[in-house]
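Hi everyone, thanks for making room for me today. Let me put the structure up on the screen, and then we'll walk through it together.

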Amino acid sequence: MKLIYSLLLILCGLAFTNAQKTYTVEGTVQDFHDKSKLENAVVKIGDFTAKTDEKGKFSLNKVPAGTYILIAKHPDCNDYTENIGVTKDLHITITLEHHSHDIETVTLHGSHKNNGSIVVKTLDKATISRNVTENLGNLLTNISGVNVLKTGNNIAKPVIHGLYGSRVSILNDGVKLAEQEWGVEHAPNVDVNNFEHIDVIKGASALKYGSGAIGGVVVLEPQVLPKKDTIMGAVSLSGISNGRGASLNVKLAKTWENGWAIKTNGSFKKLGDLQAPNYGLMNTGVQSSGFNFGVQKLTFNSGISFDYYLTNSSIGILRSSHTGSAEDMAEALTSKEPLYQRNFSYDIDNPRQDIEHHIAKISAYQRFENFGKITATFSFQYNHRKEYDIRRTEELSKTPGLDLELITNDFNVNHLIERTKWNLETGINGGYQNNYSNPDTEARRLVPNYDRFYGGAYSVFKYKLTPKLDAEAGVRYDFDRYEVTKWYDLSDWNNSYAADFSNFVVRINQNRILTKPKLNYNNFSGNVGFTYHPTNNFNLRLNYARVSRSPNVAELFADGLHHSAAIIEKGDMNIKNETGNQFNLVADAKFNVLGGLNISVNPYLFYTKNFINEVPIGYSNTQWGGDFVVYGYQQIDAKMYGVDLDVALKINDNLSYKGSGSYVYGQDLTHDVPLIMMMPANFNNSLEFSKKEWRNFYVNVSNTTVLKQTRFPVYNIFVRRYDTDGNPYKQEVDISTPPKGYSLWNLQAGVNLTKNFGVDFSVRNVFDSAYRDYLNRLRFFSDEMGRNFILTLKYQF
């Protein structure tokens, strides 16, 4: 018995000793994807708590043996939970994942981690919400260095640093819009209300979007939905005085905590004839609608989504821009008022264009702890454009003068690996396009039938040289192949192409010749950039890009009436790749003035060989729709340089000022003349009073001043006319001299009437100023639209 008691005492003593045994638990907390060490993370085991230092290290001492729940928290990350057993000293590594708000395909928004040396400006949710009735082109003019190339008041294409058309890529939720293949006059078919923020990348340094984006990239990103069980939505209804129209937008989303979400958006807009200050603008109405549906399952580690976008538009073209004879054309180009006018109407008659654009996209990504993130996207686009002209007979006018269908299939795969001091992004993409130009129009086709095969690969490496200096370098290769079927006038073929492209001839039919060109283009691009941030109040970015792009089909083969711009276009199959060198410097500084002063200066330089330029070369009769100015494509050496300036001053807690200015200089070095259609110097200033305590009340007064463009080439045309005795003579028609400068005032105010219900009110062109814009291709025929009152009612839940 004594032996048994002795053994029990020994066992109890051992148990007591073991119970009092303590251990050390230490380790590091790091980011999941770039392995950077996280400071100020809180690690808790039972009643023991520690916080990580600047190296991400933590240590918990004298932790008794046992089983515990380990919890790690960081302000920017999801909580981490794990069951651990403490039976010895432990050294562990804890990996934390970012919140779902970091799950974005494009990592260029202001809140993202690393823009590098890329020049990015953003339009946020508030700006888009205040301008729900605007088209994308007009909305982007809120950014310095961005203007719009317009054909009338409803068709606007963004211009960045003087470059436009195929040189500016537009990404709708990660899908590059395919519509500029038909020419620069086609406005992007997007509904801005589908997106929460819009990034504008100035310059060609964003190689991931393709070598063709010499001017820059417009990235439209939809709302990032929260990971919680809820239903959310918004409705906005706008009344628009100029055009006596209205706009309706509806958004609805259902989300779940596990990452599933379903969303849908719809919009409708209708305007009648617009009004200039002194007269009506006949046949300038518009009717458009949009629809978007998406379903997604997104988590930090993986995700898959499907999205579908549809836009439909019927746009009237100013009646006076289409004339039936050379004399009428000369009269319309020189008249102070439009030749054709009528009482207000909602009718959209000829000339007009009907546009239908579908996008379907499926995208998926997967993160690997040591390998990085892989994203794959497939997209399908279908564009159908019909343009109706005023033709010889009423029956023929019912048949479109232009009927184009473009199908685009695109697939890309991207890989991103991030580490504390470096990251590497690599991608490949490929695609196929088919364009069908309907011959039943009984008119010469603007662009021919063609198949396009394309592919590309890129790699961008970024490295932190020192805590204050980052460097990056990128390379890209692109291949394009066009297989085209096109009829030429035999005389045109013999004069321009017979000597070099005889192998493309299929057959000759009297004075017409059928050809099947097959053209290949190879493009190599690269960029090098540095970012220097010596203090929290100063940042310097320098980027050099060597750029190269293939000519598009319009530049090579256009041969007909570009109805919306009221011009005839002539392409040139001899055009080669466009190459150039581009420099961008950005200096951002913050100063302790009043509530804070921010200044950003962005000088840039673009020097190019083989620049593809479109200029007037005469006029011609279409035989089916009247007389029009003819524009031809040519290849030249050119240079452009300029500067953008942005200033933001917080005067006090409720009053703020924003200002911006832009200047661009363009020169045709081959002919020693200024480049055509260069953005005039312009300035924007706004003063805003806001007070959240007054139900988010704000009032904003802004002014836009555009100076007269004094540097322009002279490409006047000579029109054959007849005097009263029937004798012919030639009249010079000035289509070169830019209009006068102008200054516009705008007013905007808004308030939340209840928690969910708000109202915005704005007045555009407050003083109803009459003016014409140099970048509007229809400026010869009428003034711009006048004063416009817009009232928007908004409800959110």
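Look for Pro351, in the loop that runs between α4 (326-334) and β22 (352-368). The peptide bond joining Asn350 to Pro351 is cis, with omega at about 0°. One thing to keep in mind as we go: this is a predicted model.

While we're on loops, here's another backbone detail. Asp173 sits in the loop between β11 (168-172) and β12 (175-176). Its phi is near 55°, so to speak on the plus side: a positive value, in a residue that isn't glycine.

Okay, back to β22, this time for a side chain. Which residue does Asp307 form a salt bridge with? The partner is Lys361, and the closest N and O atoms of the two are 3.9 Å apart. Asp307 belongs to strand β21 (residues 302-316) and Lys361 to strand β22, so this pair ties together parts that lie 54 residues apart in sequence. If you search the whole structure, you find 31 salt bridges.

Now let's zoom out to the domains. The domain assignment gives two entries, domain 1 (22-96) and domain 2 (221-796). Taken over C-alpha atoms, their centres are 52 Å from each other.

So how do they touch? On the domain 1 side, 6 residues are in contact, and they meet 9 residues of domain 2. About 770 Å² is buried between domain 1 and domain 2, and carbon and sulfur atoms give 55% of that. The side of domain 1 that touches domain 2 is made of 1 nonpolar, 3 polar and 2 charged residues.

How many salt bridges would you count between domain 1 and domain 2? The count is 0. For residue pairs in polar contact, with both at pLDDT 80 or more, the count between domain 1 and domain 2 is 0 as well.

Last topic: confidence. The mean pLDDT of the protein is 88, and 93% of the residues reach 70 or more. There are stretches to be careful with, though. Over residues 3-19, pLDDT stays under 50, and the model has 0 contacts for them beyond four places in sequence. Over residues 99-113, pLDDT also stays under 50, but here the model has 39 contacts beyond four places in sequence.

That's my tour, and I'm happy to go back to any part of it.

How values were computed. Residues are numbered from 1 along each chain as its sequence is written. Side-chain values use heavy atoms; hydrogens and water are left out. Domain bounds come from an automatic or database domain assignment. Contact means heavy atoms within 4.5 Å. Buried area is the accessible area (1.4 Å probe) that two parts lose on being put together, summed over both. A salt bridge is a side-chain nitrogen of Lys or Arg within 4 Å of a carboxyl oxygen of Asp or Glu. A polar contact is a pair of N or O atoms within 3.5 Å; within protein, one must be able to donate a hydrogen and the other to accept it, and residues adjacent in sequence count only if both atoms are side-chain atoms. Ala, Val, Leu, Ile, Met, Phe, Trp, Tyr, Cys and Pro count as nonpolar, Asp, Glu, Lys and Arg as charged, and the others, Gly among them, as polar. pLDDT is the predictor's confidence in each residue, from 0 to 100. Helices (H or I, at least four residues) and strands (E, at least two) are DSSP runs, numbered from the N terminus.
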